[in-house]
Amino acid sequence: MDSSTLTLGIHQRILIVDDDPVNLRFLERLLGHAGYEDIVSASSGGAALAEAQQRQPDLIILDLQMPGIDGYEVLATLRSSVSSGVHVPILVYTADVTYEARKRALELGASDFLTKPGDAQEILLRVRNFLTVRGLHLALASRNDDLERIVRERTHELEASQIEIIERLARAGERRDDDTGEHTQRVGELSGDIAEAMGQPTQLVRLLRLTARLHDLGKIGVPDSILLKPGRLTPDEFKEMQLHSGAGARILSRGLTPLLQMAERIAQSHHERYDGTGYPDGLAGEEIPIEARIVAVADVFDALTHARPYKAAWEVADAITEIRAQSGRHFDPKVVEAFLAVIT
């Protein structure tokens with residue numbers, strides 16, 4: 001056979017396993033003359049297993065009848081231990097021509113079956129075909145790895161862009177009564193910590209750290225005369241301030257991603273109260289989305305402990321006391337319990 005037809009696999013590693021040195025030399029010479037350059041031999045089942053584990057061959061030519069660990073045991077072990085992630089073909093080459101031997105070998109994972117002494121051309125054709133398939137599988141696996149890497153990179157880029165957009169939107173909502181933008185970040189982090197302490201799913205915690213930053217996005221539409229007023233709001237002014245919840249939800253509405261959908265729920269419901277006296281919908285208890293119940297606590301605590309145009313900052317201990325006092329009234333008791341575990 002023209003060795004040029006076999007160049008695809010000449011650099012692939014072939015492991016020959018046979019306890020008969022004559023058979024080993026025959027196969028080594030046959031494959032060497034055909035142009036294969038990386039041939040490893042083993043004269044026992046134990047040596048075969050060691051070589052397979054160390055060298056990760058691309059093809060194994062295996063005898064069945066060997067003392068000690070025979071070919072059947074090698075087959076069974078290799079099929080569970082050779083773990084390159086891509087199928088390694090095993091060509092059984094044996095003098096046992098019985099149906100039982102063929103059936104057992106194939107059941108244990110042999111790829112094909114040749115009887116000794118065999119035809120040299122047929123052996124080379126089988127070797128070439130198996131190495132070709134092995135090479136294609138490896139190329140496909142490599143391509144899949146590349147695609148997975150690309151997907152990971154694109155996902156990371158998308159997540160980074162989402163975070164940047166969220167931060168910019170959050171700052172737009174908070175720019176007048178908190179021009180540092182730190183309030184939204186603090187509320188996001190504390191909300192995530194509370195959710196984590198409650199044992200919420202990891203995905204919810206991750207999204208909440210981001211979406212909680214948009215809880216007051218609707219403030220972008222509140223007039224400065226109300227938002228920055230240094231004193232108590234009149235009833236009419238307070239009603240107008242309350243509109244920011246619905247305004248923020250409308251900005252975020254009809255989102256197609258879990259992130260935007262959660263952000264909408266938070267914007268809409270973070271001023272609801274556990275006892276049903278909140279706004280804008282008068283929801284009570286577990287009618288209020290869990291994300292909004294969590295953000296409600298984080299938002300009030302941060303607002304109390306930081307100065308605003310209309311008030312001075314509270315001491316942390318006083319704010320904690322107020323949060324505890326509002327358990328079951330303003331806040332979900334389970335959320336308050338988690339908050340206390342995080343903050344104290």
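User: In this predicted model, what share of the exposed area do carbon and sulfur atoms supply?

Analyst: The model is predicted. The chain exposes about 17400 Å². Of this area, carbon and sulfur atoms supply 53%.

User: What radius of gyration does the chain have, set against a compact globule of 344 residues?

Analyst: A compact globule of 344 residues would have a radius of gyration near 20 Å. The C-alpha trace of this chain spans about 100 × 40 × 30 Å along its principal axes. For the chain itself, the radius of gyration is 35 Å.

User: How many helices and strands does the chain have, and what percentage of its residues is buried?

Analyst: The secondary structure consists of 13 helices and five strands. A residue is called buried when its relative accessible area is under 20%. Among the 344 residues, the buried ones make up 42%.

User: Which helix gives the most residues to the largest nonpolar core?

Analyst: In soluble globular proteins, nonpolar side chains tend to be buried together. The largest nonpolar core here has 37 residues, and Ile-194, Leu-208 and Ile-294 are among those with the most contacts inside it. The elements that give two or more residues to this core include helix H5 (120-174), helix H6 (182-197) and helix H11 (290-304). The one that gives the most, with eight residues, is H11.

User: Which residues does Ile-294 touch, leaving aside those up to four places away in sequence?

Analyst: Ile-294 is one of the residues with the most contacts inside the largest core. Contact here requires heavy atoms within 4.5 Å. With residues up to four places away in sequence not counted, Ile-294 touches Ser-191, Ile-194, Ala-195, Met-198, Leu-208 and Val-335.

User: How many residues does the second, separate core have?

Analyst: This second core is separate from the one described above. Its members include Met-66, Tyr-72, Leu-75 and Val-92. The number of residues in it is 22.

User: Over the ring of which residue does the charged end of Arg-104 sit?

Analyst: A charge counts as sitting over a ring only if, among other conditions, it is within 6 Å of the ring centre. The charged end of Arg-104 is 4.0 Å from the centre of such a ring. The ring belongs to Tyr-72.

User: Of Phe-238 and Tyr-279, which is buried and which is partly exposed?

Analyst: These residues form an edge-to-face aromatic pair, 6.1 Å centre to centre with 85 degrees between the planes. The pair links distant parts of the chain, with Phe-238 in helix H9 and Tyr-279 in the loop between H10 and H11. Because its relative accessible area is 40%, Phe-238 is partly exposed. With a relative accessible area of 14%, the buried residue is Tyr-279.

Technical notes
Residues are numbered from 1 along each chain as its sequence is written. This is a predicted model: local features need pLDDT of at least 70, side-chain atom pairs count only at pLDDT 80 or more; totals for chains, interfaces and linings use all residues. Side-chain values use heavy atoms; hydrogens and water are left out. A nonpolar core is a set of buried Ala, Val, Leu, Ile, Met, Phe, Trp, Tyr and Cys residues joined through side-chain atoms within 4.5 Å. Buried means under 20% relative accessible area, exposed over 50%, partly exposed in between (1.4 Å probe, protein chains only). Helices (H or I, at least four residues) and strands (E, at least two) are DSSP runs, numbered from the N terminus. Rings of Phe, Tyr and Trp (its six-membered ring) pair if their centres lie within 6.5 Å; planes under 30 degrees apart count as stacked, over 60 as edge-to-face and the rest as tilted. A charge sits over a ring if NZ of Lys or CZ of Arg is within 6 Å of the ring centre and within 35 degrees of the ring normal. The radius of gyration is taken over C-alpha atoms; the globule rule is 2.2 Å times the number of residues to the power 0.38. Accessible areas come from the Shrake-Rupley method with a 1.4 Å probe; for residues, only the protein chains shown count as cover.
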